[in-house]
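This report introduces a structure to a reader who has not met it before. The account turns to metal binding and then to charged side-chain pairs.

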Amino acid sequence: MSILNILTYPDPFLKEPVKPVENIDDDLLRIIDDMAETMYQAPGVGLAAIQAGIDKSVIVYDPEEQGFRALINPEIIEAEGRTISENEGCLSVPDFRSDVQRFERIVVKGLDRDGKNLKFEATGVLSVILQHEIDHLNGILFIDRISALKRQMYKRKRKKELKNDS
Ligand code: NI
């Protein structure tokens with residue numbers, strides 16, 4: 001297994017929707033294991049393949065340190081209610097956190113790493129993580145879901161940081 005390099009805002013790759021997975025092969029299983037290792041090392045509670053520069057519809061997540069799960073070609077098929085996630089953050093959006101409006105309850109479908117069809121309901125922290133990671137696969141970052149004013153503040157701060165780094 002190996003640690004993958006995580007792309008950060010404003011990398012344009014993060015804005016492009018990814019392609020669905022057509023074959024679950026050894027390469028994909030290796031990617032999933034590498035994604036999990038990268039997530040734990042960061043540390044984070046979820047990671048989408050796009051964040052590692054991989055154009056595939058795959059996420060891994062582990063909200064309660066109970067071992068990671070992978071979801072291939074995940075899709076939200078039902079969503080209802082409103083909740084505010086507190087202090088949401090993202091490995092691709094360094095040094096920034098914000099409350100984000102999310103659905104309270106979702107139903108997600110996808111495939112597990114064995115190619116088995118999954119369909120399940122999620123609420124609470126798991127629901128927020130899944131919405132966040134599935135957003136990534138559609139080229140959406142959590143800063144796209146906050147007020148324009150807050151987003152501008154972050155973009156300016158990030159620009160300044162990148163300038164100082166170079
Ligand atoms: Ni993220």
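A residue counts as buried when its relative accessible area is under 20%, as exposed when that area is over 50%, and as partly exposed in between. The structure discussed here is a predicted model.

**The nickel site**

Three side-chain atoms coordinate the nickel ion: SG of Cys90, NE2 of His132 and NE2 of His136, at 2.1 to 2.2 Å. Along the chain, these donors follow the spacing C-x41-H-x3-H. Cysteine 90 belongs to strand β3 (residues 69–90) and histidine 132 to helix α2 (residues 124–137), so that pair links distant parts of the chain, 42 residues apart. Cysteine 90 has a relative accessibility of 11% and therefore counts as buried, because the limit is under 20%. Histidine 132 is likewise counted as buried, at 6% relative accessibility.

**Salt bridges**

The model contains 11 salt bridges, a pair being counted when a side-chain nitrogen of Lys or Arg lies within 4 Å of a carboxyl oxygen of Asp or Glu. Three of them are listed below.

| Basic residue | Acidic residue | N to O distance |
|---|---|---|
| Arginine 105 | Glutamate 78 | 3.3 Å |
| Arginine 105 | Glutamate 80 | 3.5 Å |
| Arginine 145 | Aspartate 135 | 2.6 Å |

Arginine 105 forms a salt bridge with glutamate 78. Because arginine 105 lies in strand β4 (residues 93–111) and glutamate 78 in strand β3, this pair ties together parts that are 27 residues apart in sequence. Glutamate 78 is partly exposed, its relative accessible area being 39%.

Glutamate 80 also pairs with arginine 105. This contact again links strand β3, which holds glutamate 80, to strand β4, which holds arginine 105, across 25 residues. Glutamate 80 has 44% relative accessibility and counts as partly exposed.

The bridge between arginine 145 and aspartate 135 involves helix α2, where aspartate 135 is found, and the loop between α2 and α3 (148–165), where arginine 145 is found; the pair therefore ties together parts that are 10 residues apart in sequence. Its two partners fall into separate accessibility classes: arginine 145 is partly exposed at 40%, whereas aspartate 135 is buried at 8%. Elsewhere, salt bridges that share partners join Glu78, Glu80, Arg105 and Glu121 into one network.

**Summary**

Helix α2 holds histidine 132, one of the residues that coordinate the nickel ion, and also aspartate 135. Strand β3 holds cysteine 90, as well as glutamate 78 and glutamate 80.

Note on methods. Residues numbered from 1 in each chain as written. Predicted model: local features only at pLDDT ≥ 70, side-chain atom pairs only at ≥ 80, totals over all residues. Heavy atoms only, no water. Donors = N, O, S within 2.8 Å, 3.2 Å for Na, K, Ca; no water. Helix = DSSP H or I, 4+ residues; strand = E, 2+ residues; numbered from the N terminus. Buried < 20%, exposed > 50% of the residue type's maximum accessible area, 1.4 Å probe, protein only.
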